[in-house]
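Here's a walk through one protein chain, taken a piece at a time. Keep the 3D view open and turn it as you read.

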Amino acid sequence: MMTLDYIESGIMLLDSERRVRFWNQWLVRYTGIDADTAGGQRLEQLFDAPLPAVVLSAIGDACEHRLSRLLSHQLHAQLLPLHGRTVSGARTPIHHSMLLRPLDDAEGLTLVQLHDTTNAVRRERHLRDKEQALRKVHQVLTEEKQFIDTVLKTISALVVVTDTHGRIVNINRSCELQTGVSEEEVRGQPLKMLLGLDSLKHLPDGRGHHDEPRPFTCRMSNAGGESMHVRWTIKAVRDGDQLLRYLIYTGQDITERERSDALLRLEREMLEMATAGEQPANILTHLCLALERQLDCCRVAVLQVDTNERLRVDHAPGLPESFSQRLYQLQTDSLLRVLRPGLQQGQLQVFVAKEPGTHWQSWLTLARDYEMNGCWLMPIQLSTQMSQSLLAVFPRHKSHPGLHEQMVIQRISHLTALILERQQQQEQIQYLALHDSLTGLANRSLLNEQLMRSIHRARREQQSFALLFIDLDGFKMLNDTHGHDAGDALLTALGQRLINRFRATDCCARIGGDEFVILLDSVNDEKVTRDIAESILALLSAPLSWGEHQLQVSASIGIAVYPQDGDSADELLSRADNAMYGAKTGGKGRVCRLADEARNECP
């Protein structure tokens, strides 16, 4: 212990309860706490300021769980509040590292050793200052060889030096490792041989008097054959007469940044399309094309699982129609039984096009014919109310997706699900805003839209159309006798009868409790209009079985014809309404038009 007391590093021993059992003179000197005061205390009790959480965690791991830890000053600038003294008496912090190592003894002690790294930190700062000074010196050097050698030795980025004609003079070690080629292999070759075809539009034209080229980004292949994005900055080296001698290309690998930017752009584009009310089919087509640009050598499709457990291609702009047809002809129920548990949980499923057995020969043949090495399936919609859609990626070379591909597929699938579910909700809201919630018929708002559309069309084409205003006779008595449930059941049944009776171009609307309006588009013959109205009387008066009862009402119908009875929506509705009251006044269960009533011709 006496030796440890005077060693030039901090030494303390902590027991299993994290209390100090030994505190050497180095700690006394740099903490101002003597050994007697420290004995039996926990570290957090010795200092006024709270200790960093990483220190307390490391002490707990060492004393309680017997785990060794090393806390370096590079990662943790201040561990314990240690201070030294300068000549002037000012206190300065001590940079240090901490080693915690449990001892193999019966007492369960833990050795904590503190190393003063203040001088090392000062040396690092001094070296950084010297490095900055050297860089300033390099900027003013006129000897290009010394400048090039210094850059090649100190920079970790890709460095390529070319002559004035674009031929490679040398490359640095980092460039060799990234591209997989040696300096001897590319020396004297055109720069495009190293950077790839994507760089051609950015490279200088080879004339010796041009200005310094602008920075550019190009795609090139790394040593593993994978595509990477490199941002190149260019420095021109000139002689004393300002004539160009060399070009130094410095490249930074920005692949991850480009991938992240591309993914964010795609997500923003999809959200903008959804906000603008773009059709889901257009959003899915854009999604497939954008993912094919982001995922190397992959084709993307959106698949649908139909009621027959078959995979149907919904959107596949990059795949031939023949693939979609052949895929649908395959029996996919066996595959779906294997994949469905994961798909139902929203997990990415991978199908590899290898030789698993004769059962999968048809799948393997399809994959080989279209140069596919597998299929990555990700469910788009997890809602049970929506049909099962899948995002399918067909890679040409990879069998399993990397971390980047998994992240892109999962994020885009989840975003697509949100967009499609939101659009479905908007369509449902729009439907509810324009339709009667009980009968499913159009409401007054939709009727007015359709009526204005018919007026514009009839006015343009000089045609006519008819409006039927229907009011049920005896509906209030039915409600009072059998209750509102019976009345709602009858209204629902009558609404369905009207929907089944008329064309999609006609509009059937419920505008009140027992009031209905039917817009007969492109009906020019008044006799046809009256015949239709008479058929409606019979349609609505048919009884409806409801429990032990037969629910039955009659109806009164008023007719208005455009343009004879009015040339505006309000006027036509008013005339038809008045005609309906004329029918009720004349005895109910009738069809009437005001022009007929004026001539006493209502039946």
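Before anything else, a word on angles: an axis here is a line fitted to C-alpha atoms, for helices over the stretch in contact, and angles run from 0 to 180 degrees between N-to-C directions. Bear in mind too that this is a predicted model. Two packed helices are described by the angle between their axes and the distance between the axes.

With that in hand, find helix 11 (residues 255–275) and helix 16 (residues 403–434), which pack at an angle of about 10 degrees with their axes 11 Å apart. Because of that angle, helix 11 is roughly parallel to helix 16, given that angles under 35 degrees count as roughly parallel. On the helix 11 side, the residues making the contact are Arg259, Leu263, Leu264, Leu266, Glu267, Met270, Leu271 and Ala274. Facing them from helix 16 is a set that includes Met407, Val408, Arg411, Ile412, Leu415 and Ile419. Sorted by class, this contact of helix 11 with helix 16 has 11 nonpolar, 3 polar and 4 charged residues.

What do the charged residues get up to? Side chains of opposite charge can pair when their charged atoms come close. Take arginine 411 and glutamate 267: their side chains meet in a salt bridge, 2.8 Å from N to O. Arginine 411 sits in helix 16 and glutamate 267 in helix 11, so this pair links parts of the chain that are distant, 144 residues apart. How much of each is exposed? Glutamate 267, at 14% relative accessibility, counts as buried, while arginine 411 is partly exposed, with a relative accessible area of 35%.

Now stay on helix 11 and look at arginine 259. Glutamate 256 forms a salt bridge with arginine 259, and the closest N and O atoms are 3.2 Å apart. These two are 3 residues apart in helix 11, which means about one helical turn separates them. Arginine 259 has a relative accessible area of 22%, so it is partly exposed. Across the model, the count comes to 27 salt bridges.

Another salt bridge takes you to a different region: glutamate 44 pairs with arginine 18, the closest N and O atoms being 3.8 Å apart. This pair also links distant parts of the chain, with glutamate 44 in helix 4 (residues 43–46), arginine 18 in the loop between strand 1 (10–14) and strand 2 (20–23), and the two positions 26 residues apart in numbering. Arginine 18 is buried, with a relative accessible area of 16%, whereas glutamate 44 is partly exposed at 32%.

What sort of loop holds arginine 18? Strand 1 and strand 2 form a hairpin with 5 residues between them, and arginine 18 in the turn has a positive phi of about 70 degrees. The two strands run antiparallel and are joined by 3 bridges. In this pairing, leucine 13 stands opposite phenylalanine 22 in strand 2.

Zoom out from the hairpin and you'll see an open sheet of 5 strands in the order 2-1-7-6-3, with antiparallel pairing. Strand 2 and strand 3 (69–71) stand at the edges, each with a single partner strand, so one side of each has no neighbour in the sheet. On average, neighbouring strands of this sheet are turned by 15 degrees against each other, direction ignored. Over at strand 3, the antiparallel partner is strand 6 (residues 96–102), paired over 3 bridges, and leucine 71 stands opposite methionine 98 in strand 6. Helix 5 (residues 53–65) lies across strand 1, strand 3, strand 6 and strand 7 (110–116), running at about 160 degrees to strand 3.

There's one more sheet to visit. In what order do its strands come? This open sheet has 5 strands in the order 14-13-17-16-15, and the pairing is antiparallel. Strand 14 (311–315) and strand 15 (349–352) are the edge strands, each pairing on one side only. The twist averages 35 degrees from one strand to the next. Within the sheet, strand 13 (residues 298–305) and strand 17 (residues 389–395) pair in the antiparallel sense over 7 bridges, with phenylalanine 394 in strand 17 as the bridge partner of arginine 299. Helix 13 (residues 321–329) packs on this sheet and touches strand 13, strand 14 and strand 17. The direction of helix 13 makes about 155 degrees with that of strand 14.

Notes: Residues are numbered from 1 along each chain as its sequence is written. This is a predicted model: local features need pLDDT of at least 70, side-chain atom pairs count only at pLDDT 80 or more; totals for chains, interfaces and linings use all residues. Side-chain values use heavy atoms; hydrogens and water are left out. Helices (H or I, at least four residues) and strands (E, at least two) are DSSP runs, numbered from the N terminus. Angles under 35 degrees count as roughly parallel, over 145 as roughly antiparallel, 65 to 115 as roughly perpendicular and the rest as oblique. Contact means heavy atoms within 4.5 Å. Ala, Val, Leu, Ile, Met, Phe, Trp, Tyr, Cys and Pro count as nonpolar, Asp, Glu, Lys and Arg as charged, and the others, Gly among them, as polar. Two strands pair if DSSP finds at least two bridges between them. A salt bridge is a side-chain nitrogen of Lys or Arg within 4 Å of a carboxyl oxygen of Asp or Glu. Buried means under 20% relative accessible area, exposed over 50%, partly exposed in between (1.4 Å probe, protein chains only).
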